[in-house]
Amino acid sequence: MAKSNKIKFLRKQPMIRKVLLALVPCMVGGIYFFGWRSLASVLVCCAAGFITEFIFCKKRNEPVTEAVFVTGVLIALVLPPGVGWHVQVVASVFAVMFSKEVFGGFGRNIFNPAIAGRCFVYVCFPVAMTGIWP
């Protein structure tokens, strides 16, 4: 039989699903204290991170890992609740691109991608990160 050249879209990782399940109370707390914008922030950060990792994984012919969603959730939860959407996207793209994919993908990164993304936007957007709170 001929092998299929079709790449898998998403690599299943049971341990990462447990981490995402453990983050649910934090997301619920964010929604309770800061409103539904917190959930929208999680979705924006996860989508930006997924698209970035998909681009890199497509070039390497690998599936996207579920760990990118942990990075997206963590970035959304560590950023201030009123920060702009563009800051969230920049943080997610930087986290996945420069802290994860440059080093070879899942398990090969030397920095925590979520914290590296937050540090990057803290330097690039200091007023949005420290001066604007709802």
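# Close-up views of a predicted protein model

The protein chain exposes about 8,100 Å², and carbon and sulfur atoms supply 71% of that area. The coordinates shown are those of a predicted model.

**Figure 1. Overall arrangement of the protein chain, with six helices and two strands.** From the start of the sequence to its end, the elements follow the pattern β-α-α-β-α-α-α-α. The chain has 134 residues, of which 37% count as buried. When contacts between residues at least 6 apart in sequence are considered, 74% of them join residues at least 24 apart.

**Figure 2. The largest nonpolar core, centred in this view on Ile-75 and Leu-79.** This core has 20 residues, and Ile-75 and Leu-79 touch the most other members. Two or more residues each come from helix 1 (14–34), helix 2 (37–60), helix 3 (67–78), helix 4 (85–99), helix 5 (113–124) and helix 6 (126–130). The most is given by helix 3, with five residues. Beyond its neighbours within four places in sequence, Leu-79 is in contact with Gln-88, Ala-91, Arg-118, Val-121 and Met-129. Another core, of five residues, lies apart from the largest one and includes Phe-50, Cys-57, Val-64 and Val-68. In soluble globular proteins, nonpolar side chains tend to be buried together.

**Figure 3. Helix 3 and the elements that cover its buried residues.** Helix 3 has 12 residues and reaches 17 Å from its first C-alpha to its last, close to the 16 Å expected at 1.5 Å a residue. Its buried residues are Ala-67, Val-68, Val-70, Thr-71, Gly-72, Val-73, Ile-75 and Ala-76. The cover over these buried residues includes helix 1, helix 2, strand 2 (64–65), helix 4 and helix 5.

**Figure 4. Surroundings of Gly-72 in helix 3.** Gly-72 counts as buried because its relative accessibility is 1%, and the cut-off for a buried residue is under 20%. Not counting residues up to four places away in sequence, Gly-72 touches Cys-45 and Cys-46. Gly-72 and Phe-50 are 22 residues apart in sequence, and their C-alpha atoms are 8.3 Å apart in space.

**Figure 5. Helix 4 and its buried residues.** Helix 4 has 15 residues, so at 1.5 Å a residue its expected span is 21 Å; the C-alpha atoms at its ends are 20 Å apart, which agrees. Val-87, Gln-88, Ala-91, Ser-92, Phe-94, Ala-95, Val-96 and Ser-99 are buried in this helix. Helix 2, helix 3, helix 5 and helix 6 are among the elements that cover them.

**Figure 6. The salt bridge between Arg-17 and Glu-66.** A search of the whole structure finds three salt bridges, one of which joins Arg-17 and Glu-66 with the closest N and O atoms 2.8 Å apart. Arg-17 lies in helix 1 and Glu-66 in the loop between strand 2 and helix 3, so this pair ties together parts that are 49 residues apart in sequence. Arg-17 counts as partly exposed, at 43% relative accessibility, whereas Glu-66 is buried, with a relative accessible area of 6%. Side chains of opposite charge can pair when their charged atoms come close.

**Figure 7. The salt bridges of Glu-53 with Lys-100 and of Glu-62 with Arg-60.** The closest N and O atoms of Glu-53 and Lys-100 are 2.9 Å apart. This pair links distant parts of the chain, with Glu-53 in helix 2 and Lys-100 in the loop between helix 4 and helix 5, 47 residues apart. Both Glu-53 and Lys-100 are buried. The side chains of Glu-62 and Arg-60 meet at 3.2 Å, N to O. Glu-62 counts as partly exposed at 31% relative accessibility, and Arg-60 likewise counts as partly exposed at 30%.

**Figure 8. A nonpolar patch on the surface.** The patch is formed by Phe-98, Val-102, Phe-103, Ile-110 and Phe-111, which together have about 500 Å² of accessible area. Ile-110 is found in the loop between helix 4 and helix 5. This residue is exposed, with a relative accessible area of 58%.

Terms used: Residues are numbered from 1 along each chain as its sequence is written. This is a predicted model: local features need pLDDT of at least 70, side-chain atom pairs count only at pLDDT 80 or more; totals for chains, interfaces and linings use all residues. Side-chain values use heavy atoms; hydrogens and water are left out. Helices (H or I, at least four residues) and strands (E, at least two) are DSSP runs, numbered from the N terminus. Buried means under 20% relative accessible area, exposed over 50%, partly exposed in between (1.4 Å probe, protein chains only). Contact means heavy atoms within 4.5 Å. Accessible areas come from the Shrake-Rupley method with a 1.4 Å probe; for residues, only the protein chains shown count as cover. A nonpolar core is a set of buried Ala, Val, Leu, Ile, Met, Phe, Trp, Tyr and Cys residues joined through side-chain atoms within 4.5 Å. The expected span of a helix is 1.5 Å times one less than its number of residues. A salt bridge is a side-chain nitrogen of Lys or Arg within 4 Å of a carboxyl oxygen of Asp or Glu. Patches are made of residues with over 30% relative accessible area and no salt bridge: like charges are joined within 9 Å, nonpolar side chains (Val, Leu, Ile, Met, Phe, Trp, Tyr) within 5 Å.
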